[in-house]
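Open the model in a viewer and keep the sequence panel beside it. The stops below say what to select next and what is there.

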Amino acid sequence: MKNNNQALSIVKGYHKVTPVPKDILRFDLNRRVAIILHTFTSQQGEMDFDLDFLNALLQNISASIGCNKLVLEIDSGARYSSIDALCSYYNSIPKEDRLPPSRISFKNDDKLLCWEETEFWVFSGGDYPYSDSYTMSFYIDDKLCDIIEAACKISCKEYSVKIIDIIEGNPRNDK
């Protein structure tokens with residue numbers, strides 16, 4: 001167990017401030033589970049991004065949903081085919097330059113299981129519960145909703161990350 005004073009929230013569903021990415025509309029991934037990584041820690045005195053926790057979280061989600069093929073894209077447009085390759089890149093750059101991936105596709109062979117898009121509220125403030133966060137929105141079908149939440153809880157327990165809220169959002173209404 002890691003000693004950590006990080007916190008996150010989980011949102012199951014949608015809010016008005018969380019538009020559905022255009023790319024997701026062509027897939028039958030109607031549910032959203034958002035993992036809101038709160039970035040401010042009083043111990044750090046600044047915004048923080050925990051690479052070790054992200055690694056564990058993505059490994060747990062990938063294994064839990066039966067993923068055997070990943071594409072992780074960062075803000076520069078560079079793409080990585082494994083979580084380890086992404087973490088290796090992050091370890092080669094200064095800590096203050098690290099951001100969560102912009103998007104991730106999780107597949108089992110050629111079937112898309114999950115599409116993740118990161119919302120960078122850390123740069124713009126935002127409304128509760130998103131304010132000053134990195135919000136990783138996982139778009140999935142109904143049967144994977146509880147699996148994503150459980151994988152997150154396992155990672156939180158392993159890294160002593162506090163879950164401060166589990167919020168029921170609204171259903172997707174753009175259909």
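Two strands count as paired if DSSP finds at least two bridges between them. Helices (H or I, at least four residues) and strands (E, at least two) are DSSP runs, numbered from the N terminus. The model is predicted: local features need pLDDT of at least 70, side-chain atom pairs count only at pLDDT 80 or more, and totals for chains, interfaces and linings use all residues. Residues are numbered from 1 along each chain as its sequence is written, and side-chain values use heavy atoms, with hydrogens and water left out.

**Stop 1: the hairpin of strands 7 and 8**

Select residues 103-108 for strand 7 and residues 111-120 for strand 8. The two strands run antiparallel and are joined by six bridges. One pair to display is arginine 103 with its bridge partner in strand 8, glutamate 117. Two residues lie between the strands of this hairpin, and aspartate 109 takes a positive phi near 55°.

**Stop 2: strand 5 and its two partners**

Add strand 5, residues 69-73, which pairs with strand 7 in the antiparallel sense over five bridges. Walk along the pairing: lysine 69 has lysine 107 as its bridge partner, valine 71 has serine 105, and glutamate 73 stands opposite arginine 103. Arginine 103 of strand 7 can thus be displayed with glutamate 73 of strand 5 and with glutamate 117 of strand 8.

Now select strand 6, residues 79-80, which pairs with strand 5 in the antiparallel sense over two bridges. Here leucine 72 stands opposite tyrosine 80. Strands 5 and 6 form a hairpin with five residues between them, and glycine 77 in the turn has a positive phi of about 100°.

**Stop 3: the whole sheet**

Colour the strands in the order 6-5-7-8-9-2-1-10: this is an open sheet of eight strands with mixed pairing. Strand 6 and strand 10 (162-168) are the edge strands, each pairing on one side only. Helix 3 (residues 145-159) packs on the sheet and touches strand 1 (7-12), strand 2, strand 9 (133-140) and strand 10. The direction of helix 3 makes about 175° with that of strand 1; axes are lines fitted to C-alpha atoms, for helices over the stretch in contact, and angles run from 0 to 180 degrees between N-to-C directions.

**Stop 4: strand 9**

How many residues of strand 9 are buried? Eight of the eight are, so strand 9 is largely enclosed by the rest of the structure. Buried means under 20% relative accessible area, exposed over 50% and partly exposed in between, with a 1.4 Å probe and protein chains only. Ser133, Thr135, Ser137 and Tyr139 are on one side of strand 9, and Tyr134, Met136, Phe138 and Ile140 on the other.

Strand 9 runs antiparallel to strand 8, with seven bridges, and antiparallel to strand 2, with eight. On the strand 8 side, glutamate 119 stands opposite threonine 135; on the strand 2 side, isoleucine 35 stands opposite methionine 136.

**Stop 5: histidine 38**

Histidine 38 lies in strand 2 (residues 31-38). At 17% relative accessibility, histidine 38 counts as buried. Contact means heavy atoms within 4.5 Å. Leaving aside neighbours within four places in sequence, histidine 38 is in contact with Gln6, Ala7, Leu8, Ser9, Pro129, Ser133 and Ile164.

**Stop 6: helices 1 and 2**

Select helix 1 (residues 51-65) and helix 2 (residues 83-91), which pack at an angle of about 170° with their axes 10 Å apart. The two helices are therefore roughly antiparallel to each other; that term applies to angles over 145 degrees, with under 35 roughly parallel, 65 to 115 roughly perpendicular and the rest oblique. Helix 1 contributes Leu51, Leu54, Asn55, Leu58, Gln59 and Ser62 to the contact, and helix 2 contributes Ile83, Asp84, Cys87, Tyr90 and Asn91.

In helix 2, Ile83, Leu86, Cys87 and Tyr90 are buried. Seen down the axis of helix 2, the buried residues fall within an arc of 95°, so they line one face of the helix; the arc is that of the directions from the helix axis to the C-beta atoms. These buried residues pack against helix 1, strand 5 and strand 6.

**Stop 7: arginine 172**

Finish in the segment after strand 10, with arginine 172. Is this residue buried or exposed? Arginine 172 is buried, with a relative accessible area of 15%. Not counting residues up to four places away in sequence, arginine 172 touches Tyr14, Val20, Leu25, Leu29 and Asn30. Arginine 31 is 141 residues from arginine 172 in sequence, yet the two are 7.3 Å apart in space, C-alpha to C-alpha.
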